[in-house]
Amino acid sequence: MKNVFRHIALFLAFATVLLTSRTAFAQDTIPAAVAAEESQASEQPEKFDAKSFIFGHTGDSYCFHITEIKGKPICVWLPVIVNCKDGGSWHCFSSKHVCELKEGETFTHKGANFYISPINADKYPGKLVEVKADGSLSRPFDISFTKNAFGIVLVCVFLLAFFLPAAKKYKKDPMGKPTKYQGLVEWLTCFVLDDIIRPNVPDKQVKRFAPYLLTVFFFIFFANLFGLIPFFPFSANVTGNLSITVVLALLTYFFVNVFGNKHYWKDILWPDVPIFLKAFPLMPIIELISTITKPFALMIRLFANILAGHIVIMVLMALIFIIGGMYGAGMGGVMSIVSIFMTIFMTALELLVAYIQAYVFTILSSLFIGMAHQEPEHE
């Protein structure tokens with residue numbers, strides 16, 4: 001029982017540390033060109049923009065904004081790589097040129113004008129756009145190394161650095177006494193393999209699909225954890241980005257349908273139903289639709305749960321500034337106490353969700369793969 005309370009205390013302490021650092025960086029992490037910029041000559045206090053505050057933190061970005069010193073942003077600038085649709089020319093430059101633009105300014109590179117559309121814009125919010133000669137906006141082909149792309153690389157590098165040394169030690173001395181580090185790696189791997197993969201994937205197929213399922217579990221788990229740490233080089237909301245969850249879901253769709261056995265496709269295209277149902281192919285149509293809805297559910301579940309958790313935390317923080325702006329600093333101080341306690345709870349919950357979503361995605365993927373390799377029952 002003492003160990004249980006100790007783990008709970010450590011869990012809450014870690015959540016408190018995350019909250020403290022997140023609150024400290026809360027007002028500083030939106031690049032000037034991405035958030036709604038202040039008027040250059042206005043002496044009136046700027047109205048708090050909750051939409052830019054929330055979606056500026058949860059969305060992708062062209063740089064890591066760390067803090068500001070005397071009004072000057074301290075950032076890690078990432079490379080912008082775009083191709084203009086009309087001219088077909090490639091442009092590569094530092095995101096500093098577009099993130100530090102004032103409202104109404106553009107950056108010219110090789111004859112093309114660029115700027116980052118504000119978060120609260122109706123068209124291309126938070127995205128790099130090209131301004132044409134007639135004033136119209138065009139979205140170029142964008143393969144920039146953004147914050148989320150950096151987050152993906154960071155997770156991959158971490159996983160390689162975490163697992164490869166243990167694998168090399170086992171390969172070098174399979175019968176040797178494992179170190180504590182090797183024991184941790186083995187325990188994590190065996191947990192996913194024995195509790196998630198083996199119960200759902202046929203024994204003959206475990207060796208074939210275990211590498212993918214192990215990789216997707218640890219990638220999602222550590223990407224979720226890194227997204228909760230609000231400072232460089234972490235804080236990228238990788239799994240809260242729909243394009244990334246789409247790719248993960250498509251990978252599962254690929255492994256399920258490309259490697260499915262004959263019995264799996266027979267049940268879809270020629271199921272064992274009365275002949276009058278086969279004459280009107282209603283069942284095959286429903287089964288084919290189900291092959292699409294399964295990865296769609298994986299995609300939406302992961303994206304929605306991670307993004308919703310981040311938004312709730314940012315909303316709780318935004319309430320401090322909203323209440324303070326409406327009713328004065330006194331009410332803002334009272335609201336900050338309530339918001340901090342609620343955010344501690346939500347951050348602790350997000351740590352749990354980081355694991356649950358990796359677990360759910362992997363167990364459903366292994367279940368779908370197992371269903372695609374079932375053998376026909378013999379009477």
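## Buried, exposed and in between

A residue is called buried when its relative accessible area is under 20% and exposed when that area is over 50%, while partly exposed is the word for what lies in between. Asp-194, with a relative accessibility of 38%, therefore counts as partly exposed. These words return throughout this report, which describes a predicted model.

## The chain as a whole

The protein chain contains 11 helices and nine strands, and of its 379 residues 41% count as buried. The area that the chain exposes is about 21200 Å², and carbon and sulfur atoms supply 68% of that area. Among the contacts between residues at least 6 apart in sequence, 64% join residues that are at least 24 apart.

## Strands and their partners

Strand β1, residues 63-69, and strand β2, residues 72-77, run antiparallel and are joined by six bridges. Within this pairing, Phe-64 of the structure stands opposite Val-76 in β2. The hairpin that β1 and β2 make has two residues between the strands, and Lys-70 takes a positive phi near 55° there.

An open sheet is formed by three strands in the order β4-β3-β9, and the pairing in it is antiparallel. Because β4 (90-94) and β9 (141-142) stand at the edges, each with a single partner strand, one side of each is left without a neighbour in the sheet. Strand β3, residues 79-83, is joined to β9 by two bridges, and Val-82 stands opposite Asp-142 in β9.

## Two nonpolar cores

The largest nonpolar core has 47 residues, and those that touch the most other members are Ile-197, Phe-218, Ile-220 and Phe-361. At least two residues of this core come from each of the helices α4 (147-172), α5 (180-197), α6 (203-227), α7 (242-258), α8 (262-269), α10 (282-327) and α11 (329-371). Helix α6 supplies the largest share, which is 15 residues.

What does Phe-361 contact, leaving aside its neighbours within four places in sequence? Its partners are Tyr-212, Val-216, Ile-220, Leu-248, Ala-249, Thr-252, Leu-298 and Leu-302. A second core, separate from the largest one, has 15 residues, and Tyr-62, Val-82, Phe-93 and Ala-112 are included in it. Val-82 thus belongs to this second core and also faces Asp-142 across the strand pairing described above.

## A nonpolar patch on the surface

Nonpolar residues are also found on the surface, where Phe-345, Leu-349, Leu-352 and Ile-356 form a patch with about 340 Å² of accessible area together. One of these residues, Leu-349, is found in helix α11, and Leu-349 is partly exposed because its relative accessible area is 32%.

## Two salt bridges

Side chains of opposite charge can pair when their charged atoms come close. How many salt bridges does a search of the whole structure find? The search finds two.

In one salt bridge Arg-139 is joined to Asp-142, and the closest N and O atoms are 3.1 Å apart. Arg-139 has 19% relative accessibility and so counts as buried, whereas Asp-142, with a relative accessible area of 21%, is partly exposed. The two values stand on either side of the cut-off, since a residue is buried only under 20%. Asp-142 is also the residue in β9 that stands opposite Val-82.

The other salt bridge is formed by Asp-194 and Arg-198, with the closest N and O atoms 3.1 Å apart. Asp-194 counts as partly exposed at 38% relative accessibility, and Arg-198 counts as partly exposed at 41%.

## Backbone details in the loops

The loop between α6 and α7 holds two backbone features. Pro-233 is found in this loop, and the peptide bond from Phe-232 to Pro-233 is cis, with omega near 10°. Ser-235 is found in the loop between α6 and α7 too, and phi of Ser-235 is near 80°, a positive value in a residue other than glycine. Is Ser-235 buried or exposed? Its relative accessible area is 15%, so Ser-235 is buried.

Tyr-124 has its place in the loop between β6 (112-116) and β7 (128-131). Phi of Tyr-124 is near 50°, which is again a positive value in a residue other than glycine, and with a relative accessible area of 26% Tyr-124 is partly exposed.

How values were computed:
Residues numbered from 1 in each chain as written. Predicted model: local features only at pLDDT ≥ 70, side-chain atom pairs only at ≥ 80, totals over all residues. Heavy atoms only, no water. Pairing = 2+ DSSP bridges. Helix = DSSP H or I, 4+ residues; strand = E, 2+ residues; numbered from the N terminus. Core = buried A, V, L, I, M, F, W, Y, C linked by side-chain atoms within 4.5 Å. Buried < 20%, exposed > 50% of the residue type's maximum accessible area, 1.4 Å probe, protein only. Contact = heavy atoms within 4.5 Å. Patch = residues over 30% accessible without salt bridge, like charges linked within 9 Å, V, L, I, M, F, W, Y side chains within 5 Å. Areas by Shrake-Rupley, 256 points an atom, 1.4 Å probe, with all protein chains shown as cover. Salt bridge = Lys/Arg side-chain N within 4 Å of Asp/Glu carboxyl O.
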